[in-house]
2 protein chains.
Amino acid sequence: MTPNKKKIFPSREDYVPHLAYDSVIFGYNGKQLKILVLEYHNTGFFALPGGFVKRNENVDDAVKRGLKERTGLDNIYLEQFHTFGDTTRAAPDVMRTILEANNFEVEEDHWLLDRFISVAYYALINYDEVHPRPDELSDSINWYAIDQLPNLMMDHEEIAAKALKTLRENLDKKLTGTNLLPSKFTMKDIQQLYEAINGEKLRRTTFQRKILAMDILVRHEKLFTGGAHKAPFLYSFKANHPKILNAP
Amino acid sequence: MTPNKKKIFPSREDYVPHLAYDSVIFGYNGKQLKILVLEYHNTGFFALPGGFVKRNENVDDAVKRGLKERTGLDNIYLEQFHTFGDTTRAAPDVMRTILEANNFEVEEDHWLLDRFISVAYYALINYDEVHPRPDELSDSINWYAIDQLPNLMMDHEEIAAKALKTLRENLDKKLTGTNLLPSKFTMKDIQQLYEAINGEKLRRTTFQRKILAMDILVRHEKLFTGGAHKAPFLYSFKANHPKILNAP
DNA sequence: CATTATTGTCTCATTTTGTGACAATAAAAT
DNA sequence: ATTTTATTGTCACAAAATGAGACAATAATG
């Protein structure tokens, strides 16, 4: 760290001004639904992973780029759910604090101090495949259970809440959730995932009957765990099932 | 018209650069679901009503402002449904044509020639209460049935299609559609509205049972039309029913 | 070999939805 | 006045979906 030599943040010219994205990245560890939250260096600010859009880049692609940088994953289920455009989103003090804590030069008219409109996406990823990497500005990036989030800066709590609401609404009709499981799983696994997302218990027999009737699962061999009980079948999603979606 | 004296378009400084909105305004005339489409002066370009966001204005408010200018209505059911952010949305030739056809000065770097990210909303309004007014740039603004739209410029057909898709998905769960009817209506009226939106016939008895079970209607006096048959009851939505919504 | 917890499947009750029948009109035709 | 006509509100029953529990099958354990 060289306190006298300040770093220069990427130029205003490189990005679409006033435009940002934020992503709510859902993962599932077999028990709880979690999201990725990062902490900015030396500020105590927790935030959703976000970023900016290059001048000649689709907004969708900017989000994919950010996801790739932070998770290493390429084909991620991604869904845009809302754009947050209130003037109250301008947060020059917060941005100044973050930039200064990271030893960046902050001119009076630095473009990060402007108002930003943020396009928000949620993503579903496999918890186990990912070892998230902090970006340049952040100390850490960690999983937090959906009901145990730290206080998030700006309107990020509202964004996360709306993401969860949308995920729940889409769960049945878009058969999402499918990206949150390993490739083979038991009936109990997928039921617990649905329970974690919806935050309520489901009846075993009804759930099983319903999801089998959907005709989206393939049954495989049995799973022998060493537990003292009947072994469950393993299932996977049918090959033609839209496990990974990037387009609507 | 003074061909030598060119007009000046509002300054780049007044608006958030690269940001626009488009609105899909649904109306219902008792038979068909229609949307408002405008035609730019002397260009043959048909487009959805759109506009720009002032530097110190919420995106939602910009849309409401545009709706008010074009329809005169204040409390409109409005729902944001998607943000279109591909680079392919830049359409300098189209914008230049429109500006020149309207006798505006067009500098090489005029801000309208830039790439725009558009936040799209749909609105539901009462067909009968509205006499749409063309704005400064447009010749006309007219209702078009949803399945008889003219060719729309840029990606506006995609925007309209997605609006309709979202409206259909939201119809049951958000009880929208309610803003498309007069304050009192018969069971047949509301059934026909649902049919127009969904594009499919519904069974009379089932529809009636279902919508009455929702407990959102108040029954009033009968309607005597002069037709040779049993008079139907009139209904209205319950007072506490969210007929007009601006927030989620 | 008995015990134990869990699973797959079946059965029956309950609720919701599909489908048609039918009597009760309001106005026009006779 | 009476009959005719089209439409409406409601009921009745069938079919389908869902809720709720029962039960035998079965991996491991001891």
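Student: Let's start with H5(A): of its 10 residues, how many are buried?
Tutor: Good place to begin, and keep in mind that this is a predicted model. Helix H5 (204-213) of chain A lies largely in the open, because the number of its 10 residues that count as buried is zero.

Student: And what follows H5(A), with a positive phi?
Tutor: Look just after the helix for a backbone phi near 65 degrees. The residue that has this positive phi is Asp215(A).

Student: Which element gives the largest share of the surface near DNA strand D?
Tutor: Three helices each supply at least two residues of that surface: H5 (204-213) of chain A, together with H4 (187-198) and H5 (204-213) of chain B. The largest share is three residues, and it comes from the helix we started with, H5(A).

Student: Which residues come nearest to DNA strand D?
Tutor: There are 21 residues around DNA strand D. By class, they divide into seven nonpolar, nine polar and five charged. Both protein chains appear among the nearest, which are Thr205(A), Phe224(A), Lys230(A), His229(B) and Lys230(B).

Student: Turning to the other strand, which helix gives the most to the surface near DNA strand C?
Tutor: Here the helices that each supply at least two residues are H4 (187-198) and H5 of chain A, together with H5 of chain B. The top contribution is three residues, and it comes from H5(B).

Student: How many of the residues of the surface near DNA strand C are charged?
Tutor: DNA strand C is surrounded by 22 residues, with His229(A), Lys230(A), Phe224(B), Lys230(B) and Ala231(B) the closest. Seven residues of this surface are nonpolar and nine are polar. The charged ones number six.

Student: What is the strand order in the open sheet of chain A, and which strands stand at the edges?
Tutor: The sheet has three strands, paired antiparallel, in the order S8-S10-S9. Each edge strand has a single partner strand, so one side of each is left without a neighbour in the sheet. The edge strands are S8 (185-186) and S9 (217-222) of chain A.

Student: Which residue of S10(A) is the bridge partner of Phe185(A)?
Tutor: S8(A) pairs with S10 (residues 233-237) of chain A over two bridges, in the antiparallel sense. Thr186(A) has Leu234(A) as its bridge partner in S10(A). For Phe185(A), the partner is Tyr235(A).

Student: What stands opposite Arg219(A) in S10(A)?
Tutor: S9(A) and S10(A) run antiparallel and are joined by four bridges. We have already met the residue opposite Arg219(A), as the bridge partner of Phe185(A). Its name is Tyr235(A).

Student: Now for chain B: how many residues of strand S6(B) are buried?
Tutor: In a regular strand the side chains alternate between the two faces of the sheet. One side of S6(B) carries Ile117(B), Val119(B), Tyr121(B) and Ala123(B), while the other has Ser118(B), Ala120(B), Tyr122(B) and Leu124(B), and both faces are covered. Strand S6 (residues 117-124) of chain B is therefore largely enclosed by the rest of the structure, with the number of buried residues at eight of the eight.

Student: Which strand pairs with S6(B) in the parallel sense?
Tutor: Strand S5 (residues 77-84) of chain B runs antiparallel to S6(B) and is joined to it by seven bridges, with Tyr77(B) and Leu124(B) as bridge partners. The parallel pairing spans eight bridges and places Leu19(B) opposite Ile117(B). The parallel partner is strand S1 (residues 15-28) of chain B.

Student: Where chain A touches chain B, which element of chain A gives the largest share?
Tutor: The contact takes 17 residues from chain A and 17 residues from chain B. On the chain A side, the elements giving two or more residues are strand S1 (15-28), helix H1 (59-71), strand S5 (77-84) and strand S6 (117-124). That side divides into six nonpolar, eight polar and three charged residues. The largest share, four residues, comes from S1(A).

Student: To step back, what percentage of the residues of chain A count as buried?
Tutor: Chain A has five helices and 10 strands, and its C-alpha trace spans about 65 × 35 × 30 Å along the principal axes. Of its contacts between residues at least 6 apart in sequence, 74% join residues at least 24 apart. Out of 248 residues, the buried share is 30%.

Terms used: Residues numbered from 1 in each chain as written. Chains lettered and ligands numbered in written order. Predicted model: local features only at pLDDT ≥ 70, side-chain atom pairs only at ≥ 80, totals over all residues. Near = placed C-beta within 6 Å. Nonpolar A, V, L, I, M, F, W, Y, C, P; charged D, E, K, R; others polar. Pairing = 2+ DSSP bridges. Buried ≥ 20, exposed ≤ 12 C-beta atoms within 10 Å, placed from the backbone. Contact = placed C-beta atoms within 7 Å.
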